[in-house]
Structure formats: C-alpha cells, structure tokens
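Q: I'm new to this structure and would like a close look at one part of it: the aromatic rings and what surrounds them. Could you walk me through that, starting from the overall layout?

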Amino acid sequence: MRRVGKTTLYRQVFEKIESKNKVFLDMENPMERKIFEEMDFNNIWANLKQYGLDSSKKAYLFLDEFRLVQK
C-alpha cells in the first residue's frame with residue numbers, strides 16, 4: 001500500500017520507546033542504506049555506533065522503506 005501513513009505510524013512507535021538506544025533510518029537515503037552493505041556483522045555495528053547505538057545494550061533499530069535494502 002502506498003501513501004497510507006505507514007511512516008507516520010512507524011515514527012509514532014519510535015517516539016514512544018523510552019530508550020535512548022534507538023535509531024530511525026530511512027533506507028531511501030543512500031548514506032543510511034550503505035550501513036548494511038558490509039559483509040561482516042561487526043562492521044555493521046561499528047557503522048551504527050555513529051548514530052549513537054550501543055551494542056552492549058538492548059537496541060531498537062527502525063528501518064523505514066526497508067524494501068529498498070537488497071543485494
């Protein structure tokens with residue numbers, strides 16, 4: 001479905017999470033999509049650290065337009 005408010009709803013859920021260890025990424029943004037182009041999982045975590053995520057704690061990762069992430 002297109003243009004029905006999915007991103008708006010997704011952002012509302014993101015805002016309700018009280019943790020600071022969270023990030024909202026838009027996969028339409030090529031720079032944010034590049035984070036996941038790594039083959040090594042540890043490198044992906046290293047890339048996510050620039051967004052303030054701490055891998056030693058429970059983290060919340062919201063990927064909007066996820067359908068764009070493909071190999």
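A: Happy to! Let's begin with the layout: the protein chain has 3 helices and 2 strands, and read from the N terminus these elements follow the order α-β-α-α-β. Please keep in mind that this is a predicted model. The C-alpha trace spans about 35 × 30 × 15 Å along its principal axes. Of the 71 residues in the protein chain, 24% are buried.

Now to the two strands, since the rings we are after lie partly there. E1 and E2 pair in the parallel sense, and 5 bridges join them. One place to look is Leu-25, which stands opposite Leu-63 in E2. Strand E1 covers residues 22–26 and is mostly covered, with 4 of its 5 residues buried. As a general point, side chains in a regular strand alternate between the two faces of the sheet.

With that in view, turn to the rings. The model holds 6 aromatic pairs. One of them joins Phe-14 and Phe-62 edge-to-face, with 5.3 Å from centre to centre and 85° between the planes. Phe-14 belongs to helix H1 (residues 6–16) and Phe-62 to strand E2 (residues 60–64), so this pair ties together parts that are 48 residues apart in sequence. Why do both partners count as buried? The cut-off is a relative accessible area under 20%; Phe-14 is buried because its value is 10%, and Phe-62 is buried because its value is 8%.

The pair does not stand alone: ring pairs link Tyr-10, Phe-14, Phe-24 and Phe-62 into a cluster. Charged side chains join the picture too. Arg-11 lies over the face of Phe-24, 3.7 Å from the ring centre. Lys-22 places its charged end over the ring of Phe-14, at 4.5 Å from the centre of that ring.

Tyr-10 leads us from the cluster to a neighbouring topic, the largest pocket, because Tyr-10 is among the residues that line this pocket. Rolling a probe the size of a water molecule over the atoms shows where empty space is left. Here the largest pocket holds about 300 Å³ of space. Its lining also includes Met-1, Arg-2, Arg-3, Val-4 and Gly-5, together with Lys-6, Thr-7 and Thr-8. Asp-64, Glu-65 and Arg-67 line the pocket as well. Helix H1 gives the most to this lining, with 4 residues. Sorted by class, the lining has 3 nonpolar, 3 polar and 6 charged residues.

One of those lining residues deserves a second glance. Glu-65 lies in the segment after E2, and although Glu-65 is not a glycine, its phi is positive, at about 60°. Is Glu-65 buried, partly exposed or exposed? With a relative accessible area of 22%, Glu-65 is partly exposed.

Finally, here is a spot in another helix. Ile-44 has its place in helix H3 (residues 41–49), and Ile-44 is buried, with a relative accessible area of 15%. The C-alpha atoms of Ile-44 and Lys-34 are separated by 9.5 Å, and these two residues are 10 residues apart along the chain.

To return to the part you asked about, look once more at the cluster of Tyr-10, Phe-14, Phe-24 and Phe-62. Then find Arg-11 over the face of Phe-24 and the charged end of Lys-22 over the ring of Phe-14.

Notes. Residues numbered from 1 in each chain as written. Predicted model: local features only at pLDDT ≥ 70, side-chain atom pairs only at ≥ 80, totals over all residues. Heavy atoms only, no water. Phe/Tyr/Trp six-rings, centres within 6.5 Å; stacked < 30°, edge-to-face > 60°. Buried < 20%, exposed > 50% of the residue type's maximum accessible area, 1.4 Å probe, protein only. Lys NZ or Arg CZ within 6 Å of the ring centre and 35° of its normal. 1 Å grid on protein atoms, 1.4 Å probe; cavity = no way out; pocket = protein on both sides within 12 Å on 5 of 7 lines; lining within 4 Å. Points joined across faces, edges and corners; volume = space filled by probe spheres on them. Nonpolar A, V, L, I, M, F, W, Y, C, P; charged D, E, K, R; others polar. Pairing = 2+ DSSP bridges.
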